[in-house]
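This briefing looks at the empty spaces in one protein model, taking the open pockets before the enclosed cavities.

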Amino acid sequence: MACGSSAHTSSFLTLLFLFLSGVLVRGRDPFGCDPTDKTTNNLPFCRTSALISERVNDLIGRLTLQEKVRLLVNNAAAVPRLGIKGYEWWSEALHGVSNVGPGTKFGGAFPGATSFPQVITTAASFNASLWEEIGRVVSDEARAMYNGGMAGLTYWSPNVNIFRDPRWGRGQETPGEDPVLAGKYAASYVKGLQGDDGNRLKVAACCKHFTAYDLDNWNGVDRFHFNAKVSKQDIEDTFDVPFRMCVKEGKVASVMCSYNQVNGVPTCADPNLLRKTVRGVWNLNGYIVSDCDSVGVFYENQHYTSTPEEAAADAIKAGLDLDCGPFLAEHTEDAVKQGLLGEAEINNALSNTLTVQMRLGMFDGTPSAHAYGKLGPRDVCTLAHKELALEAARQGIVLLKNHGSSLPLSHRRHRTIAVIGPNSNATVTMIGNYAGVACEYTSPIQGIGKYAKVIHQMGCGNVACGDENLFDEAIDSARQADATVLVMGLDQSIEAEFKDRTELVLPGHQQDLISEVSKASKGPTILVLMSGGPVDLSFVKNDKLISAILWVGYPGQAGGAAIADILYGETNPGGKLPMTWYPQEYIKNLAMTEMAMRSSPSKGYPGRTYRFYKGPVVYPFGYGLSYSNFVHTIANAPTVLSIHLHGRHGSQNGTVSGKAIRVTHAKCSGLSLGVQVEVKNTGSKDGSHTLLVFSTPPAGHWAPEKQLVGFEKVQVAAGGRRVVEMNIHVCKYLSVVDRSGIRRIPLGEHHLHIGGIKHRVSLQAATLGIIKS
């Protein structure tokens, strides 16, 4: 065989590049404790047989003050005399390895990474095992890129803030409006990212932005100047729930404090939030990092301190360990010299960051010897990873309307499809924000093109849809086709970081395009909506000319294929909305800056999220249709459950107040409500079904209208049935929070709502003689 064939040349060049880039054979140079460096490899902090705490203490004891302060920032400086390289802490992996942070870059052997659906879409699957599996895949790719010198090991993801207001531009990054859903997502995704190797970490995740952060730029108020005035009740009941679950159940390695103030104190300077709550009460095993330039922001923008040295001291004393930005490196040494801060407090901060690096194996010498050291380019964008991205998109798509069973489309009758709309040929739009470079894209027209002949017209030049210049061609294509698919919605020009929305309706002339095309369409018209936040679709909800509506969020790199699979019935839709869809009137006279969750009829304040809002909606939280019909039956559930108190607590100390038991006084271990639900698929198609369990507590001032207490994804064959067993932790999920921020278990009748059925269960105190406050 001739030696000069193009295939052999290509293979040789690839191998040569991999060798030169250090990915093949040699691997990445050690971050620290290089076994070939005789001056450092025998130092105590390099001994992997020693306890990590001992290694960390030894290393800190060898650092000068000047070296220490340069390790307090994201671009931590090298310490050459100890053989330690510089490190960039800031990498992102919201829904795939991203190059938003400077710690990660694409190119060479790593041209891209698997880009999963935006978080709001993945959350709509209500599938915790899927979330964990996505995390595992993302961390495989992250480790591979780290081994190749293209990424870090500390990822400032996920975003678990509550999607409190439908206008928030970053709501797309979150798991939605429900705190239990957000917390379960956080714990599941973090477990996938960090691995299950005991105290060792595959990568280090970070739950952000703590806390009550859900406004970017609205009506002249931006996140750098916003003081969120939040009640103790709402902090405990809503805003802190996902973070607590992330730390206590997910065992996350990091928490990020936010830009905003909470009740007058910047979160990154608040010891009650950081040192007392995150580290003390929740027992964070990791580090606390600022949002980028947050310390500078509370000095320069919020004028919280008089000098930069006071700001540096306040942040570190509050419990901040790492600054994303240069501020602590520039001002901490002077803070020590001025007596505002002790060096021991800097040591505490470094102990937390260095411990995480040790848990990641960064001081273990040769990376190839690490458990994940053999991951490389072949482990990124694999066929299995791309299939998971497609499956995640399928599971996250929500069927909002299906008039007369117009969907699925028929392979026989719908052979020509007019695909119209500003997102009809979307690629980058499908991956939302905080995304990287996708492995590949399947746009909606490409996906549908695998099933039918496509007649493609944009209809609008972009999502702003500022004119009707392209309407005629779009209308004409709808007249010719067997069916019309309108792919409309939003993109990052409408909703994004630092860009909150002003309206809930579709931008520009999109509504006009939908109306005109549906009137002209020869066959059924299906509306496919791409968006992160909810859209007021009142105008088409009951319009018989619009046969069906799909919400696809931002469905990731395989979004077009997933859309087509649902349209043609290859996949039975099973997603549910993770946020309430409000009419445009909801935001009238409702300031985004008003943080209260509960409604106040006397003040004309409507309340927020399905838990507290009583008014009209376009589509409710948890809504989603299927091509099948699922019927629920309670197979087994108790009607009475006793709550036992710790022996040292009695009625005289307020254990039971207003017929509610303080959670801290109840014997919570093992206290769960076991419910068995039979789910029967009475339809003709196999399908996955999301079983949502809500609870309505006994009436009272504290209680929400209802709250999610459990969910499960179950696959049920056509005509088949499955029994799903759920254990609802009473103290966590059947409790409510009083005005003082104290979590209590209401006694009396709780109503469980599962689909269209209700079940009553009475919670009773096992200790009698009660009811004094």
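A pocket here is an open set of points on a 1 Å grid, with protein on both sides within 12 Å along at least five of seven lines, and its volume is the space filled by probe spheres set on the points. The model is a predicted one, and its largest pocket has a volume of about 1,200 Å³.

**Largest pocket**
- Its lining is made up of 42 residues, and those nearest the centre are Glu236, Arg244, Trp282, Gly741 and Arg743.
- Among the elements that contribute two or more residues to this lining are α6 (179–194), α7 (232–239), α8 (241–248) and β22 (707–716), while the largest share, five residues, comes from α9.
- By class, the lining of the largest pocket holds 19 nonpolar, nine polar and 14 charged residues.

**Second largest pocket**
- The second largest pocket encloses about 560 Å³ of space, and of its 33 lining residues Lys576, Gly622, Gly624, His632 and His689 lie nearest the centre.
- Strand β21 gives the most to this lining, with six residues, and the lining as a whole divides into 15 nonpolar, 16 polar and two charged residues.

**Cavities**
- A search of the whole structure returns five cavities of 30 Å³ or more, and the largest of the cavities holds about 120 Å³ of space.
- The largest cavity is lined by 16 residues, with Phe31, Leu71, Ala76, Leu354 and Gln357 nearest its centre, and helix α13 (residues 343–359) supplies the largest share, four residues.
- Twelve nonpolar, three polar and one charged residue form the lining of the largest cavity.
- The second largest cavity holds about 90 Å³, and among its 13 lining residues Tyr146, Gly361, Met362, Gly365 and Pro367 are the closest to its centre.

Notes
Residues are numbered from 1 along each chain as its sequence is written. This is a predicted model: local features need pLDDT of at least 70, side-chain atom pairs count only at pLDDT 80 or more; totals for chains, interfaces and linings use all residues. Side-chain values use heavy atoms; hydrogens and water are left out. On a 1 Å grid over the protein atoms alone, a cavity is a set of points where a 1.4 Å probe fits but cannot get out, and a pocket is an open set with protein on both sides within 12 Å along at least five of seven lines; lining residues have an atom within 4 Å of a point. Ala, Val, Leu, Ile, Met, Phe, Trp, Tyr, Cys and Pro count as nonpolar, Asp, Glu, Lys and Arg as charged, and the others, Gly among them, as polar.
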